[in-house]
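Welcome! Let's walk through this structure together, one question at a time.

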Amino acid sequence: MKKKLVSVLLVASMTATLLAGCGSSDNGGSASTDSSATTDTAADTSSDDSAAADTSSDDSSSSDAAATGENKLTLNAWDASFNIPAMQAAADDYKKNVDDTFELEIIEISQSSDIEDAITLAGSSGDYSNLPDITLFQDHWIQKYVADYPDAFQDIDDADINWDDFSQEKLSYSTIGGKHYGVPVDNGTAIFAYRTDILEECGYTIDDMTGITWDKFIEIGEEVYKKTGKYLLSMDGDGNDLIYMMLQAEGASQFKDGKPYITENEKLVKVCEKIVEMAQKNVCYLANDWSDYTDQTIQGDMVAGVMNGNWIIPTIEKLDANSGKWEITTLPTLEGGEGYASNGGSSLYVTSNCKNPELAKKFLAYTFGGSTETYDAALKNGGVITCCLSAGKSDVYNEGVEYFNGQPIYAKVVEMGGHVPTVEQNDFHYTCRQYMAAAIINARDGADLMTELQAAEDNLKFAMEQ
């Protein structure tokens, strides 16, 4: 498969930025975590001194381990206001409740593509020595990178994690060749958020928007626009994620047996027809770009509804004047019934440069493997919502959120995530999105939809064959 080109500047910058060590390859002085400590017991670790005692060695051995750096791990992540606080929450949890000599060095990377470039650089040169012990990686890209650079990662299949406690759709990204490679971090479950005050003005409630067909949604959307001038939905027209989310809610994919599945995919064609219809009837605004989508339509108060991965919540909340006016529910579907989908998200992976993978696995298993202490702090400090089903039942997750009219939206998001259907994924997810988005825009502007979908399918096939 064609690899990314790496510039000389990238080589220099990554060499300087991504230096990371893992210490000795010995046992590392960090005692093993028992099975009870890796499940949802971390919420009450203050009263479970025995668990902490069982997972640490005596003071002298701990001091020796700290001195030699054997209890230190390095981790790459991006986003200082989102992912970084979640990583720090995990480090604090592990240090407090498992091993007080543990140290996690969090290396902040400016954007996710820098991590992808670092893996490309290492794999192309065959030198993985500059990679960190653990790295955050986008879900939609990981299978391509494991396939292209299989020596860059170590599987964590034997980590002491209850994998059944996670959304199986989320795990489908990081399960490669039948083995677990990643531990989920943030929840990409899609929400449909509505302005309930605008719905009420038009004679509807949040219940009227739950479990409906897209045809009914369009009918309501036309009324909303006519009475208020607001769209019931919007999306970035260039990076149109509606297609993927609407299709996943139908349990279908844009790929079949590793090949594009577009023009002969009846559900996909219907989804595209509905999007074009919504755009032409002023039900859905297709923004010019991402900034137009977030800044003008959502924060600019042009819409009465937002459908996207739940990471869109902070964008909605930036408009203080609308606090208490929003509520969330599930997605419409073609035939009716509550729809579930996911969009975006990332997981943590152990690299081949990690000399102490046992410590890495113990750290990941105890924290993101199910600790409510980690996940509660990650939510409160960074807005990261867990994919771990049991962690989503904590008191913190069940608190009502004022901005969303007192709804316990975080517990609801986790519960919804457990219903997201697993569909076929492909390394060319984003390439497909590019061609499909162009097809929708052209059809909205009067072109024949099937002709545009055929062009998208042909272009995608060509790209995948290169």
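Helices (H or I, at least four residues) and strands (E, at least two) are DSSP runs, numbered from the N terminus, and two strands pair if DSSP finds at least two bridges between them. This is a predicted model, in which local features need pLDDT of at least 70 and side-chain atom pairs count only at pLDDT 80 or more, while totals for chains, interfaces and linings use all residues. Residues are numbered from 1 along each chain as its sequence is written, and side-chain values use heavy atoms, with hydrogens and water left out.

Q: In S15, which residue is the bridge partner of Ile134?
A: Ile134 belongs to one face of S3, together with Leu136 and Gln138. S3 pairs with strand S15 (residues 346–351) in the antiparallel sense, over five bridges. Within S15, the partner of Ile134 is Val350.

Q: Which residue stands opposite Ile134 of S3?
A: Strand S1 (residues 72–78) and S3 run parallel and are joined by two bridges. The residue standing opposite Ile134 is Leu75.

Q: How many residues of S3 are buried?
A: Buried means under 20% relative accessible area, exposed over 50%, and partly exposed in between (1.4 Å probe, protein chains only). Both faces of S3 are covered, with Thr135 and Phe137 buried on the side opposite Ile134, Leu136 and Gln138. The count of buried residues in S3 is five of five.

Q: Is Ser129 buried, partly exposed or exposed?
A: Ser129 sits in the loop between helix H5 (112–125) and strand S3 (134–138). Because its relative accessibility is 38%, Ser129 counts as partly exposed.

Q: What is the distance of the polar contact between the side chains of Ser129 and Asp127?
A: A polar contact is a pair of N or O atoms within 3.5 Å; within protein, one must be able to donate a hydrogen and the other to accept it, and residues adjacent in sequence count only if both atoms are side-chain atoms. Between the side chains of Ser129 and Asp127, the distance is 2.6 Å.

Q: What separates the C-alpha atoms of Ser129 and Ser352?
A: Along the chain, Ser129 and Ser352 are 223 residues apart. In space, their C-alpha atoms are separated by 8.5 Å.

Q: What is the volume of the largest pocket?
A: On a 1 Å grid over the protein atoms alone, a cavity is a set of points where a 1.4 Å probe fits but cannot get out, and a pocket is an open set with protein on both sides within 12 Å along at least five of seven lines; lining residues have an atom within 4 Å of a point. Grid points are joined across faces, edges and corners, and a volume is the space filled by probe spheres set on the points. The largest pocket is lined by 28 residues, with Trp78, Gln138, Trp290, Trp311 and Gly344 nearest its centre. Its volume is about 900 Å³.

Q: Which helix gives the largest share of the lining of the largest cavity?
A: The largest cavity has a volume of about 70 Å³. Its lining has 13 residues, of which Glu169, Lys170, Asn187, Gly188 and Ser342 lie nearest the centre. Three lining residues, the largest share, come from helix H7 (residues 168–174).

Q: Which residue of S14 does Ala193 stand opposite?
A: An open sheet of three strands has the order S13-S8-S14, with antiparallel pairing. Strand S8 (residues 190–195) and S14 pair over four bridges. Opposite Ala193 in S14 stands Ile328.
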